[in-house]
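This report describes selected features of a structure, beginning with one helix and its surroundings. The sequence and the model are shown here.

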Amino acid sequence: MNKKQKMFIRMVVASLVRRRSRMIVALLAIVVGATILSGLELIYYDVPRQMSSQFRSYGANVIFTPSGDDNIQREDLEKGISEFSSDEIEGYTPYRYENTKIHNMPATLAGIDFDSVLKTSPYWHISGNMPSGVGQALVGAKVAENLGIKQGDTVSAVNSFEVTEETDTSDIPAYEFYSDPESGELYCDHSLDLEVTGILETGGSEEEYIYVSLDDLTSLYLTDRGYDIVEVSAAAMQDRLSQVAETINSKSETISAKLVKRVTASESSVLTKLQSLVFIVTAVVLVLTMICVATTMTAVITERRKEIGLRKALGALNSSIIAEFMCEGLLLGGVGGILGSVLGYYFAQFVSMNVFSSSITFRPLLIPITIAASVLVTGLACLIPIKSAVEVDPALVLKGE
Amino acid sequence: MSKLLELKNISKIYGDLHALDNVSLDVDKGEWIAIMGPSGSGKSTMMNIIGCMDKPTSGQVIFDGKDISKESRRKLTEFHRDKIGLVFQQFHLINYLNAVENVMVAQYYHSMPDEKEALAALERVGLKDRAKHLPSQLSGGEQQRVCIARALINSPELILADEPTGNLDEKNENIVLDIFRQLHKEGTSLVVVTHDPEVGEVAQRIVRLEHGKIVSDKKNESFSD
Amino acid sequence: MFFRMVRGTFSRQWKKMLMIAVTVALGASIATAMLNVMLDVGDKINAELKTYGSNITVVPQSEAVISKLYDVENDDSQTEYISEDSLGELLTIFWANNITDFAPVNDTKVTLNGDEITLIGTWFDHRLEFVKKGTTYQRDTGIANLRSWWDIVEGEWIDEQKLTGDNYAMVGALLSKEKNIKVGDVITVKGEKGKEKLTVAGIFDSGDDDDECIFTTLAAEQRLTGLGDFVKKIEVSAITSPDDELAVKAARNPSLLSGDEYDLWYCTAYVSSICFQIQEAIPEASASAVRQIADSEGKILEKTQLLMTLITFMSLLGATLGISNLVTSGVMERSSELALLKAVGATNGQITLLVLTEITITSIIGAAAGYFMGYAFAQIIGQSVFSSSIDMNGMVAFIVVVLVLAVTFAGSIPAIRMLLRLRPSEVLHGGH
């Protein structure tokens, strides 16, 4: 480094350090601009992911149905689920339906896993409690009204079947058997007592079922025959979901995966709108902060017209004055960009924690982008006033006053 | 003695105003001239033209035997940088640079900054111990001496001073004038623009301007080295 | 003299003043645009969420459970119906403007080529006219907007206002494949009380049970069942406010609310108050929220509004700093002028008043310009994102003016005070 370069650095540093209050004013403007830019960038990229999990309150967006006559078995289900990545899966609930009689009225039992059902149907309103295990039931509001069931009641669900050679009757008490007086065939009225812990209200067809645990259905119907339908809630956009569904359909012979179009189609349309809202807001705010930075830099440069005149009087060429001032401006832009990236991350994190109660995804690529944008904007904001300032006649600036 | 500077029939016209009206002036090498006159007499315009910071509307400026009145701005800047040192009434120091750095700025734009040389120049004006002070920490007289040191640093052929004592008290005025005397002895040409008779009286030759015209141009009888 | 000095500043320093005004205008325009978008985003997103379909269903009050599995046994038990004429009452309720779409949905079993299938009679894009107490209400409504997720595989939606007659049908994709039905085919369906020949106008893929059904006009369905002008179910899509404590309390029992609470509840577009008003308008009906839709909408709305509020807050902060920054440097630049004023004997109070007057006039001009710029920005956002204009809230103008004045004062007073502490001689001889 020769003496000339050393002096250059010495002047730039002196200008930045000794004119501290002015530089802080300019730096503040740049930092605020860069903070808003990087914060909104982070939010923009994270909104679909964060909102997508909010949209999961609509419940399942993919359903598995048996593709042949056989029901879905646990191994097949798990194979199907594994086609999703683990952070996409919000939850899945297998359903097994059986017809039963309660108070001699027909009703439908739905066997579910009580622990996971709220993941796929978060909108369920339960007056009372969710059943916690075997021997308990959740009753849909319409069935409850129809059959006169209230919370706290104990109801008996009955499975009537004809006893054949294959029936394993070892666990069935003797009093449940009876034979048809005419044909002499042996029948069984196997029953299960269920304590009603809660009534389910959804405003939809879910109110028409009685929900029990899968284990209760196995013991009442003496077999674990698999599932009729599986509801899956996955945090992914429509394109990704249909891609996974296709993979499952081509790989599995027993499962047919279908998108719940009503949920997926609407979700992607709303999410796109939301993201473009954040995008355009970012763009508008960005344009305005850029102009703010530009006006601040213009003010800072205009203030130094006299100094520029003096430098010219000392024999400085326009190009060397531009180089010095631009170097200062670019340094400010760089420092502002770095500070802005850090603050922007905290800003985005603050927004994310407050709105979504989850932390924002850190995207390292946005740091160089923010710094580059900050340097570029500050550079441009300096270049224009400097160009006009070096055109001044030094004699005019230095004269009198 | 050879001529350093010749102004031939110089006019400078701003609209209707004839700031300089057909003025001719020769400056010999090593000469100390005071240009005097009331405000509005054309002193500043003349100084700007001599200092290569402005061009005349008509007439020739010959510096060191070279006609510079038709040169481009860039050439003028280079010429002025090499030949002339400027001293201002308002000092015009860069307020975020300390004394020695202010001197080095002139070196920086001229050739190559050298802190030792700059300190030597400050020593010449008696400010060696104030080299690291910022302009705001210096008195008016000290600031003006820094300004002179800056004008000297590139060994110009001509020192051009515009009301160099206008903002100074008597004590500091004398210090500055002593420095001028010293420079004159060393053979530097000096052009001092002033309206202050005391400052004019110490010069070798006094030129009076009124309404853009030279009204008198005579040797100073009382001049003593 | 005072005003002369103020005027003097504007005529001589108009460039600096213009710069301050421009910055204030920019800040004010951010504030205006963001606040307006923030206040309107709820309605906009709510309208978008309507693509999820209806969030309220209306059924006759004594409707019995009709599980799909027991249709045969229970069909006869559904003896009470809503009269088709009373659907117009929905246009007269307090929150009628929040009801974006509604349609009757009558499902019935019919036979097609010997197989029993479900047929649904509904409105597609029905022009409803209703006269009550001399006022005529008119609305185009129907199922088209309540099933926005349908893919029309072939043909198109039934256009009730263009087609003549009412014997048209739209057929689900699965059913059309099974029965090899194509657009333009005429299918004959047999109901309890009659037979209808329906021209297939479109094939749709809905991704749910509808894929196995036939949708036809309400009139055709009513002729098939022979039950007359009756409706079994109405699907309603309404723009609602997210539930809060009051809504939860009201949902349990509106009669437990105090008078004020009741008024507030009634006049807020909660899903429960809209349901309540529907029941008031159609006494034989029972309206209930579809929890899946209503809850999710509430959640998403709340999140979106919070998100926009925080972004707005941050933008305001940025704009505020930008303005106060420039105001401060604008005042600082005038140090020598202020020192001069002080040197000629002006008191601190007089100088402060002078500078504040100048800055305030500048800011107000800037704020006014900024408000209109912000209006334009808000409309750009509204048009490009939601393809509709953003409503301008009058309160925003007030907030912006207060904000700008506060920021201007906050930005200039410390700078003025700082300058006044300086000794005039220092400033005037500083060589700056």
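The buried residues of α6(A) are covered by elements that include β2 (89–102), β3 (105–112), β6 (154–162), β8 (186–201) and β9 (210–213) of chain A. The model is predicted, so to speak of local features pLDDT must be at least 70, side-chain atom pairs count only at pLDDT 80 or more, and totals for chains, interfaces and linings use all residues. Residues are numbered from 1 along each chain as its sequence is written, while chains are lettered from A and ligands numbered from 1 in the order in which they are written.Helices (H or I, at least four residues) and strands (E, at least two) are DSSP runs, numbered from the N terminus.

Helix α6 of chain A spans residues 214–221, and its buried residues are D216(A), L217(A) and L220(A). Buried means that 20 or more other C-beta atoms, placed from the backbone, lie within 10 Å of the residue's own. Seen down the helix axis, these residues fall within an arc of 100°, so they line one face of α6(A); the arc is that of the directions from the axis to the C-beta atoms. After α6(A) comes L222(A), with a positive phi near 65°.

Chains A and C touch, with 55 residues taken from chain A and 54 residues from chain C. Contact requires C-beta atoms, placed from the backbone, within 7 Å. On the side of chain C, α2 (14–49), β14 (285–289), α9 (291–332) and α11 (348–386) each supply at least two residues. The most comes from α9(C), with 21 residues. The table divides the residues of this side by class.

| Class | Residues of chain C touching chain A |
|---|---|
| Nonpolar (Ala, Val, Leu, Ile, Met, Phe, Trp, Tyr, Cys, Pro) | 27 residues |
| Polar (the others, Gly among them) | 20 residues |
| Charged (Asp, Glu, Lys, Arg) | seven residues |

Chain C is assigned domain 1 (2–45 + 299–429) and domain 2 (55–289), with bounds from an automatic or database domain assignment. Their C-alpha centres lie 54 Å apart.

Methods. Two residues are in contact if their C-beta atoms, placed from the backbone, lie within 7 Å. A residue is buried if 20 or more other C-beta atoms lie within 10 Å of its own, exposed if 12 or fewer, and partly exposed in between; C-beta atoms are placed from the backbone.
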